[in-house]
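Trainee: Please take me through this structure one feature at a time, with the reasoning behind each answer.

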Amino acid sequence: MPEKNLDFGKFGARGIKGSDAVARKLDELAGGIATPVTVKRGWIARLHYLTKSGKSRQAAQDAGLTVTDRTLKAWLEGRRSPSKANLARIDAAYRAVRRQNVARHLLKRLNREGRGTRVEIHPLNQSQVARPLQRVVEYRTMNVRRWDRIVGSWAAGDYQGLDAAWDDTIVDLGSQWGQYEYVTNVGFAA
């Protein structure tokens, strides 16, 4: 049962929370700038994305990028470089704004007019668990028809809400749903 794995990994099992795997996959589907933020080309591209309109600039400020217009102009012209802390803020603001911009389109593609999307759930890795303590956990697939809460929580950066929404979704697996709180991977396409 979820929330019962208080001591996950005690016997050597490895995996991540299912909701974290879903968030990773949604981030991957959202796409974005591939160049790392630590490279000049990467942070310049992110700043252009964050400053292309008044709405995106306001969203960047809401996401935590609060610098003066003078500093922003110096960065964009290449006269100055952001500090490591500011690079982290730029990247976090970029991800937050990108999620908000992509969420509506992604939600439409995942819901597919009520048909939903096929999800593959790869169970946790038990290769390091002693043989008598291993349990049988199969690879599972399911069709998720309602992505609204999952994508909404992801776009807002609400990981507790995403965890609750994912737990409500995997209940459709039947009596074994608690075995999939921790997984190796969750895969789906949009």
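Trainee: Between which two elements is the loop that holds Glu 113?
Mentor: A word on the basis first: this is a predicted model, in which local features need pLDDT of at least 70 and side-chain atom pairs count only at pLDDT 80 or more, while totals for chains, interfaces and linings use all residues. Residues are numbered from 1 along each chain as its sequence is written, and side-chain values use heavy atoms, with hydrogens and water left out. Helices (H or I, at least four residues) and strands (E, at least two) are DSSP runs, numbered from the N terminus. On that numbering, the loop holding Glu 113 lies between α5 and β2.

Trainee: Is Glu 113 buried or exposed, and at what relative accessible area?
Mentor: Buried means under 20% relative accessible area, exposed over 50%, and partly exposed in between, with a 1.4 Å probe and protein chains only. Glu 113 therefore counts as exposed, and its relative accessible area is 76%.

Trainee: What is the phi of Arg 112?
Mentor: Most residues other than glycine have a negative phi. Glu 113, not a glycine, has a positive phi of about 55 degrees. Arg 112 is also found in the loop between α5 and β2, and counts as partly exposed because its relative accessibility is 39%. Its phi, too, is positive in a residue other than glycine, near 45 degrees.

Trainee: In what order do the strands of the open sheet run?
Mentor: The chain has 7 helices and 4 strands, and its elements run β-α-α-α-α-α-β-β-α-α-β from the N terminus on. Two strands pair if DSSP finds at least two bridges between them. β1 (16-17) and β3 are the edge strands, each pairing on one side only. The 4 strands form an open, antiparallel sheet in the order β1-β4-β2-β3.

Trainee: Which residue of β4 is the bridge partner of Pro 123?
Mentor: β2 and β3 are antiparallel and joined by 5 bridges, and Thr 117 has Val 144 in β3 as its bridge partner. β2 also pairs with β4 in the antiparallel sense over 4 bridges, whereas 2 bridges join β1 to β4. Ile 16 stands opposite Val 183 in β4. The β4 partner of Pro 123 is likewise Val 183.

Trainee: Which residues make up the uncovered face of β2?
Mentor: In a regular strand the side chains alternate between the two faces of the sheet. The covered face of β2 has Thr 117, Val 119, Ile 121 and Pro 123. The uncovered face has Arg 118, Glu 120 and His 122.

Trainee: Which element supplies the largest share of the largest nonpolar core?
Mentor: A nonpolar core is a set of buried Ala, Val, Leu, Ile, Met, Phe, Trp, Tyr and Cys residues joined through side-chain atoms within 4.5 Å. The largest has 28 residues, and Leu 26, Val 119, Ile 121 and Trp 154 touch the most other members. Elements supplying at least two residues each include α5 (84-111), β2 (117-123) and β4 (182-187). The largest share, 5 residues, comes from α1.

Trainee: How many residues does the second, separate core have?
Mentor: This core includes Trp 43, Ile 44, Ala 60 and Trp 75. Trp 43 and Ile 44 are among the buried residues of α2. The number of residues in this second core is 16.

Trainee: Which elements are included in what covers the buried residues of α2?
Mentor: Helix α2 (residues 40-51) has 12 residues and reaches 16 Å from its first C-alpha to its last, close to the expected 16 Å, a span defined as 1.5 Å times one less than the number of residues. Contact means heavy atoms within 4.5 Å. The cover of the buried residues of α2 includes α3 (54-62), α4 (69-77) and α5.

Trainee: Which residues does Asp 91 touch, not counting those up to four places away in sequence?
Mentor: Asp 91 lies in helix α5. Asp 91 counts as buried because its relative accessibility is 16%. Beyond residues up to four places away in sequence, Asp 91 touches Val 37 and Arg 46.

Trainee: What percentage of the residues in the chain is buried?
Mentor: The C-alpha atoms fill a box of roughly 65 × 40 × 25 Å, taken along the principal axes. Of the 190 residues in the chain, the buried share is 41%.
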